[in-house]
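Grab a pencil and let's work through a few exercises on how chains and helices touch. Each one has a task, then a solution in steps.

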Amino acid sequence: MMDFIGSLGDILGNASFWVAVLRIATPLIFGTVGVLLCERAGVLNLGIEGIMVAGAFAGWLTVYGGGSLWTGVLVAALVGAAFGLLHAWLTVGLALSQHVAGLGITMLATALSYYGYRVSFPKVNTPPTVTPFAPMDWFPLPVFDAQTPPTLLALILVPLIAWLLYRTPIGLAVRMVGENPQAAEGQGVSVAAVRTGAIVAGSALMGVAGSFLTLSAFNAFFFNMINGRGWICVALVVFAAWQPGKALLGALLFAFFDALQLRLQQSGDAVLPYQFYLMLPYALSIVALILVARRATYPQALMKPYRKGER
Amino acid sequence: MRLEKRNESSALVLIAAPFAAVAFTLSVAALLVLWAGAPVGRTYSLLLQGGFGSVFAWSETLTRATPLILSGLAATVAFKARLFNIGAEGQLYAGALAAIAVGGLHGGTGLEWSPWILFPLMIVAAALAGAALLLGPALMKQKLGVDEVVTTLLFNFIVLLFVGAMLDGPMKDPTAMGWPQSVALNGELELGKLIEGTRVHSGLLFAAFLAVAMWALFRFTTLGFRIRAVGANARAAAFAGIPVTGTVVMVALLSGGLAGVAGAIEVAGRTGYVTLDMSPGYGYSGIVIAMLAGLHPIGVLLASIFVAGVLVGADSMSRAIGVPTYIADVIVATSLLSVLVATLLTQYRVRWK
Amino acid sequence: MTEPAPVLRIRNISKRFGELLANDAISLTLDSGEVLALLGENGAGKSTLMSILFGHYVADAGDIEVFGKPLPPGNPRIALNAGIGMVHQHFTLADNLSVLDNIVLGSEPLWQPFSNRRAARTKLLDVAHRFGLPVDPDARVGTLSVGERQRVEILKALYRGARILILDEPTAVLTPQESESLFATLAQMVAQGLSIIFISHKLGEVLRVSDRVAVLRAGKLVAEAATKGVTQAQLAQWMVGHGVDAAERQPTRVRGGSVCALERVSTARRGREYLRDVSLALHAGEIVAIAGVSGNGQAALANLLCGTLSAEHGSVTLLDAPLPAEPDRLVQLGVARVPEDRHAVGVVGDLPVWENALSERLSSPAFSRGGWIRGTAARAHAQTIVKRFDVRGGGLTTAARSLSGGNMQKLILGRALTPPAGAVAAKLIVAHQPTWGLDIGAVAFVQQQLVAARDAGAAVLLISDDLDEVMALGDRIAVMHAGALTEALPAEQWTRETIGLAMAGSHAASTPGAERAA
């Protein structure tokens, strides 16, 4: 037991641990904020898992093909937005089941990315690599100076989205459309336009979340590299009660545990098979959902398709 | 763009919708074939031959269809009650593990009972394992309002890691030279082949029987009625005296059980042991199959054969012409989305003003 | 009489929904500073017409002019900008947002980088003051009373500078006294130059507030007249197309023993819907009518007696045994239930008529054995119900959702009042808003069935927020307010005024026999 506490102390006292926490949190922040935008507008976007795959692949392929790193991020965002547009057409335009449409998009985006990868690299065994974002060693703060610029972007994004949601007319429209679309329509706000916009923007962020993995955290594209991170983001949004600030906190808390399990796993004196440590993130997400379930105040119109002129 | 509800949709339109959707899908996928630099006509004809062009092709397709029928039924019964069970993949693996636990030679129960007792026991254990896995999310949905899609998805990852741990540990096959695979199933429990020299096994008949049984359940029994009523309108069902939570729990047991049985049948009919790649996403494909079938158990049979044919055909086509096998996944995913749209258009009319 | 320029001119508007011609070449004008009442039965086409005016629907034919300019169809924003404001019957407010949020939405350009909250607040308070409609801009809408919410709805329109205000059945959710204060507000608005369209199916209030009245029947404009000079009887005749006998009360002849009794019952608090220390006894052969503004605990009372809610304190007995909180047990014991929301609760819309007729009696041995449904018996039973209760608009296999409201209600009533062979006949009938939204023919049918069941010896609990219905049918009447129920007294001891006061929770009025009760 003392051993365990001792090694825990070693882990937490090490700056590289906190560097890892922020790095693990970054794609979760992008993804969670993306889901949050969609859900605040009343739409569950289960396309996230696949959109992250597509973002990771498209961003990486752009850089591999000679584009700059930021061009890669931009392309990832655009690809995300394109899948968002498809999602919006299905769930807003046609008012189809958000569950099934989202899963369909995840399957489609994943399959297209893998297909594209195999078409581009038919016969490679070791995945080709790119030069990823370099750490911002000029940054005057410890821990942050080991991060890459997209992490900074993620941290700036959170207050920006909070401002957008709570301080601007468009943010009010997004919230209203997620609470009571009839009311929004009656005030002259187009529900279809606002929801579509929110889904497209949110999906673009999901694409960026994916690109972080191939352009910052790693330097190549692997199959199964998203590995449920998208679903975890969906759980985190519920945990965060649909508030951007809490979403940031949730992502950091979650990354803290994920980094911790990685360290414990590597520390050698692990008592359990390593798989049990890897389960932790998924198990924690479920626990988080149970913890907040009783007091969660969902956006009132979440998952309720809105057809104009129908009550 | 507005949607206007149709008053009646003719049976013809209802049956034509999935076919139109598949036709649309194939033309979309043709663009991807062109991207890969292959001739579209030849690719599709190779795909078709590989899936359905010979006895061997049919035998492979039907082998592949067997677990798909079961996971398709699992999704069908769950979706009918609006319990969105996306965890069939995990439940399938749980069922496979349970099958080995009961019927494995060493590292399982090691029971030397007659296969006449052991086989049913193995199936029941697999069904219970799958059912138990879905029970939690179903209860969390009913009692706490936790969305079951996210929980069942997350459980898939947990189960797969658990399977990994078991294959490294208690169920490890010591003779597999470090390859992650479980001990083998007792040979007496393996299912017989339907056609000598192929892999089609009697599990196919069992799956087909379950499809007919599910159809009868929905159509003729009070439980089937309750499931349909709860799925269509839970509030009205509760008012009429249908126990909603009880029905959802029953659905969870059925759905998880079917997925678990899919795992056991795969082990007993095809692999003989559990590996981490024994299911290339059968659980997820089950969702597509259920939607393609319009949640009709008999339709599930046809949709499973279609999806299995595409997967098998793509494998053989890819070996011949080099178009990546992932084309099959694109076709399956696109079919799902286009069937959704096509079904909607049977119920609604699009007005462009 | 001078002829001021009309502020609104509707010409030849037609709208068809499938088979139904909801609006048939309707033409209307609204003059500056007048209150035009739009009168008609449920389903006469009033709401459709107003939804077209406000851009929710697009008309198939016809055109609209506002202040002399044509109004492009199909866009609420254009209607708002043209000066049209609409107060919906079912409020369109977001409960989780503040009053100010609800009101300012859409009033600023969407892409403005910040929202000018201070200016908006000042403007709102100013408008509220000018029209005498005080509100707290920061209150969460979910915490407001129904009357306050309506005030927010009206302010929403006024804030946007509406010059023409449409009010859709605005008094449906108000107590008589609250309605009076609404009428005062309307007068104030007219004095400030607004023009108002007042939609209603209540004759009395139409005569009371309007300058002119237009009557719709079955999608057609059948009459238009200055309100002065028309009588209630005249309006009624226009509205339904034939003379109407004022509903005559047929008091109960025999009152039997107690069937169901609530003894100081309280239920868990869920928003405003809960019961507080409610006592009530229902006797065989009588109709007890519960009046009140909906949302004061009526749903809790109905759910309690329908088996979908259990009491937290107190006791509920049915025929001297505790009432089970299980709908299927209740049905077996002879409780017939008609829920408030027939579409969402009464039927499973996707299932066919015959399965809906069966749904309450699924486990009855008449219809199932060993888990298998006896389809032939169930279909025969459904056929009996369809015939006896005259359910039209489809066969046994038609999806219930495609039935009209009246036929759906007949199906629900028929299911409740037709026990299969071997089951007990209805002993207690719980009918919650059974005639809401039905046309006059269906209303009469439903009411006759309730009276007939009473005469056959059943105890009937009728919960309704239609005061006329309560007074026409109730042998005894009790009034609900904020979860509490007054004593149920013989109908003769109540007047419209005392009921109204009790609906508003005025304690002095809540027990007309106050001296005795004290």
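**Exercise 1.** Work out how many residues of chain B are in contact with chain A, and what kinds of residue they are.

*Solution.* Start with the count: 41 residues of chain B are in contact with 40 residues of chain A. Contact here means that the C-beta atoms of two residues, placed from the backbone, lie within 7 Å. Before going on, note that this is a predicted model, where local features need pLDDT of at least 70, side-chain atom pairs count only at pLDDT 80 or more, and totals for chains, interfaces and linings use all residues. Residues are numbered from 1 along each chain as its sequence is written, while chains are lettered from A and ligands numbered from 1 in the order in which they are written.

Next, look for the main contributor on chain B's side: helix 6 of chain B gives the most, with twelve residues. (Helices are DSSP runs of H or I with at least four residues, strands are E runs with at least two, and both are numbered from the N terminus.) Finally, sort chain B's side by type: 32 nonpolar, six polar and three charged. Nonpolar covers Ala, Val, Leu, Ile, Met, Phe, Trp, Tyr, Cys and Pro; charged covers Asp, Glu, Lys and Arg; the others, Gly among them, are polar.

**Exercise 2.** Now do the job for chain A where it touches chain C.

*Solution.* Count first: 21 residues of chain A are in contact with 25 residues of chain C. On chain A's side, helix 7 (169-179) and helix 8 (181-186) each supply at least two residues. Helix 7 of chain A has the largest share, seven residues. By type, chain A's side splits into eight nonpolar, nine polar and four charged.

**Exercise 3.** Describe how helix 2 of chain A packs against helix 10 of chain A.

*Solution.* Two packed helices are described by the angle between their axes and the distance between the axes. Here, helix 2 (residues 15-40) and helix 10 of chain A have axes that come within 8 Å and cross at roughly 55°. Axes are lines fitted to C-alpha atoms, for helices over the stretch in contact, with angles from 0 to 180 degrees between N-to-C directions. That makes helix 2 of chain A oblique to helix 10 of chain A; under 35 degrees is roughly parallel, over 145 roughly antiparallel, 65 to 115 roughly perpendicular, and the rest oblique. Last step, the residues: Gly31(A) and Val35(A) are among those in helix 2 that meet helix 10 residues, including Cys233(A) and Leu236(A).
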